[in-house]
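Let's take a walk through this structure together, one piece at a time. Have the sequence and the 3D view open as you read.

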Amino acid sequence: MDEDLFLEDVGDSWSFQLGGEDEDDLHEYQAFLGSSFFDLSGDPFSQMGLGDHEGKQFCWKKTHTDSSAEEEEAREGSLSVSAQTIRVTEAVRDGDALTFIVISQKLSGSGEYHVARTHEDFQWLQQCLFSQEVVPGILGVIFPPLPAKPQLNAPTKVLKQLGFLAMGEDWRMYCMALETYLQQVAAHTTLSKNKCLENFLTSSEPPGRQRVRKGIFNRLSQAMEGMRKEGHKDVDDFFQTERDNNLTLTGCSKSATERFIDVVLTEQKLAVACGHFSTALHLCVEQEEDSAVLAFSKICVKLSEVIDSIKRNFESVAENNLSTLGLGLDLESRCQEAEKEMLYRRTCKLVVLETASRNAERAKPVKTAAMDELKVAAEKEFDHVSGVAKQEIARFHSTRVELLRQALILWCEKQLETARDTSFRYSEHLQAFKGLGE
């Protein structure tokens, strides 16, 4: 059988062996081509797959040699800032764009880093985290969810997609969400080792201008529409149960977030209505010496003050809802989506493994060795991803439960404080009204 050395890639080394002679052989493995063409083997520095050229079929293996040393060094880096000290203090408006001020404390305690970052910079960081091909089992990582891009002067439909993050003054809610995102990335044992995070938090230059090398997630996204396997039955009861629970919780958290947004919007509308009512009562005040008119004017003034207190109460309650439970529900909803994406990536690997196993069983003698090698590589990668995924799921549930618990506690504390203040003001108004009758 003649070899056809047509595969070339500058900076990489390639090796392959022919696995077929004619087009009939190709039909035997068509299903495998659709799901494994971009598959990584168990070796994080290699890729293996099946292809064809001029009617001939071949198995190929690609070994990266161009930047593995550099990327390995990047993985071993350590973060020079404390994760818990990272703050996004404000959003500065520059035309139709927002620039976020990120402050972090040096681990040495000798000072702080102050950097200005746009949302494009945050997207660059997220893409860098996605593109860590050299990190074994990276597909099993639950990546902290990055909030959607904020848009100034956007239509109501677009703002509704941001939910709580588009509400409040000066994009403060959005800054808090970005702050949580950075803290979660910096606290992650794997993601925090990426040099891009260090650069993002400490460099005065905008990192988003650098070119990001496309990785496995780009190839996955290109094939996603053709291999939607979310309903594929899992071979592991643990992951099947997790997928079922995630499907339920994703719907529930999204629904709860939307309902809570409606509550906050209603409170804000009531606050505006009370403000109009309070102002209207002042219009009833007349400067006349008639005792009845004077008494009525005093009542209108006092009632206006009461309505204004009700207005301030609605404003405080709505603000408390936004900054505590609102943010907690928004984060919970986005975290469930992040877990869903991880589980889907693992399911894709399961489909690859099952396809490789079937093809290995049906392979002709001349192809048995190649198919078995692909099967072993797919099995090794799947087991590695599953192992990382189980660790991530355990950490994920512990973290999300604690964050939601903290949000609920803070929500109760804030609302109790607001209720006490409002009760005190109402008592003062009651005494004032009693004084009018004396």
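A good place to begin is helix α4, made of residues 119-130, which lies across β5 and β6 and runs at about 100° to β6. Please keep in mind that you are looking at a predicted model. Helix α7, residues 195-202, also lies across β5 and β6, and its angle to β6 is likewise about 100°.

Now turn to the strands under discussion. In general, the strands of a sheet pair through backbone hydrogen bonds, and the pairing can be parallel or antiparallel. Here, three strands make an open sheet with the order β4-β5-β6, and their pairing is antiparallel. At the edges you will find β4 (87-94) and β6 (112-118), each of which pairs on one side only. On average, neighbouring strands of this sheet are turned by 20° against each other, if direction is ignored.

Let's follow one pairing in detail. Strand β5 covers residues 97-105, and seven bridges join β4 to this antiparallel partner. To find one of them on your screen, pick Arg87, whose bridge partner in β5 is Ile103.

Finally, move along the chain to the surface feature formed by two later helices. Ile299, Leu303, Phe433 and Leu436 make a nonpolar surface patch of about 290 Å². Both α10 (291-362) and α11 (365-436) contribute, each with at least two residues of the patch. Is Phe433, in helix α11, buried, partly exposed or exposed? Phe433 has 31% relative accessibility, so this residue counts as partly exposed.

How values were computed: Residues numbered from 1 in each chain as written. Predicted model: local features only at pLDDT ≥ 70, side-chain atom pairs only at ≥ 80, totals over all residues. Heavy atoms only, no water. Patch = residues over 30% accessible without salt bridge, like charges linked within 9 Å, V, L, I, M, F, W, Y side chains within 5 Å. Areas by Shrake-Rupley, 256 points an atom, 1.4 Å probe, with all protein chains shown as cover. Salt bridge = Lys/Arg side-chain N within 4 Å of Asp/Glu carboxyl O. Helix = DSSP H or I, 4+ residues; strand = E, 2+ residues; numbered from the N terminus. Buried < 20%, exposed > 50% of the residue type's maximum accessible area, 1.4 Å probe, protein only. Pairing = 2+ DSSP bridges. Axes fitted to C-alpha atoms, helices over the stretch in contact; angles between N-to-C directions. Contact = heavy atoms within 4.5 Å.
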